[in-house]
Amino acid sequence: MKKKMLNLSAIVLTLCLLIGALPLSVSAAESYSVTFEYDYSKGFAGRMDGGDPVSANTRVTVCVNPDVGYEVDEVYYINSGGTKIKLTYGGSAVPGQNNNFSYYFTMPSENVKVCATFKDASAYRVTVQQPDNGRVAVKGAYTYREDCLDLLPGTDVDVCLYPEDGYVLDSVWLERKSNGQFISVGITSRYHTARFEMPPCDVTLKVTYRPAVNNYRLTVKQATGGTVSVDPSGDTFREDAYLRAYVYEEEGYRLDSLLVRINDI
């Protein structure tokens, strides 16, 4: 037992001597700053994932947003050796909804100034694919067409919907011609209009209509001080029916509010 204890003590002493001979120092990881340089009159560039400082080897994502009439030319930084380092294209940040694009790079062990340049945009084409059971038109920059329209990136485009009687809007999509990617379009009115911001690529507009659902019940609740009626009259209607409400105020009363509520099924 004594021999084992001596051997263990010798091992511990040897380790202590070895550790004492090594430089033991722990330093915090250094952090660096990211700044931006771009033409404010043509667009914007900035970080998407927080502010300074940034540790080395951290992925930094950059949002670049050219104004209407411009598109991205280059996004880069110049390292301490004088080499231009182009940022990696990360795709559209919000496809089809705005003109934002994301780029990224790995933070080096130095401060970085990201430069974004813009150029005059080319017009891109939105081609209308006419659906069954109705028509579609696009309107942008005061121009209205049912076949195709050439527009600058970032232009607000209204989609005018004309379903045949008995049909309603089912879906609205953009398809990028370059890679077949589909982009959803925000619907601003349930049946008659939709809107999207023109992306910097050629796209095809695709719309589908579906048969309208019949026999939705309408309940008119009367209130004190007047009466309400609808035209045409009835208890059940098709979902795309257009109704006009008439309010008759009694003497001494005036209309405060008229609400239409959807009953949960």
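# Close-up views of a mainly stranded chain

**View 1. Asn215, a loop residue with positive phi.** At 60% relative accessibility, Asn215 counts as exposed (over 50% relative accessible area; buried is under 20% and partly exposed lies in between, with a 1.4 Å probe and protein chains only). This is a predicted model, numbered from 1 along each chain as its sequence is written, in which local features need pLDDT (the predictor's confidence in each residue, from 0 to 100) of at least 70, side-chain atom pairs count only at pLDDT 80 or more, and totals for chains, interfaces and linings use all residues. Side-chain values use heavy atoms, and hydrogens and water are left out. Asn215 sits in the loop between strands E19 and E20 (216–217) (strands are DSSP runs of at least two E residues, helices of at least four H or I, numbered from the N terminus). Its phi is about 65 degrees, although Asn215 is not a glycine.

**View 2. Asn133, in the loop between E11 and E12.** Asn133 also has a positive phi, near 65 degrees, and is not a glycine. With a relative accessible area of 27%, Asn133 is partly exposed.

**View 3. Strand E12 and its partners E15 and E13.** Of the 7 residues in E12, 5 are buried. E12 pairs with E15 in the antiparallel sense over 6 bridges (pairing requires at least two DSSP bridges), and Val138 has Val159 of E15 as its bridge partner. Antiparallel pairing with E13 (residues 143–145) uses 3 bridges; here Gly140 is matched with Thr143. E12 and E13 make a hairpin with 2 residues between them, and Ala141 in that turn has a positive phi of about 55 degrees.

**View 4. The largest nonpolar core, with 21 residues.** A core is a set of buried Ala, Val, Leu, Ile, Met, Phe, Trp, Tyr and Cys residues joined through side-chain atoms within 4.5 Å. Val126, Val136, Phe196, Met198, Leu205 and Val207 touch the most other members. Strands supplying at least two residues each include E11 (124–129), E14 (148–151), E16 (167–176) and E18 (193–197). E19 gives the largest share, 4 residues. Beyond four places in sequence, Val207 is in contact (heavy atoms within 4.5 Å) with Gln129, Pro131, Val136, Leu161, Leu169, Ser171 and Val172. A second, separate core has 19 residues, among them Val62, Leu87, Val112 and Val114.

**View 5. Glu175 and Lys206, linked through their side chains.** Glu175 belongs to strand E16 and is buried, at 19% relative accessible area. A polar contact of 2.4 Å joins the Glu175 side chain to that of Lys206 (a pair of N or O atoms within 3.5 Å, one able to donate a hydrogen and the other to accept it; residues adjacent in sequence count only if both atoms are side-chain atoms).

**View 6. The cis peptide bond from Asp231 to Pro232.** Omega of this bond is near 0 degrees. Pro232 is found in the loop between E21 (226–231) and E22 (236–237).

**View 7. Two stretches with pLDDT under 50.** Residues 1–27 score below 50, and this stretch has 1 contact in the model beyond near neighbours in sequence. Residues 93–97 also stay under 50, but the model has 15 contacts for them beyond four places in sequence. Where pLDDT is low, predicted coordinates should not be read in detail. The chain averages a pLDDT of 81, with 79% of the residues scoring at least 70.
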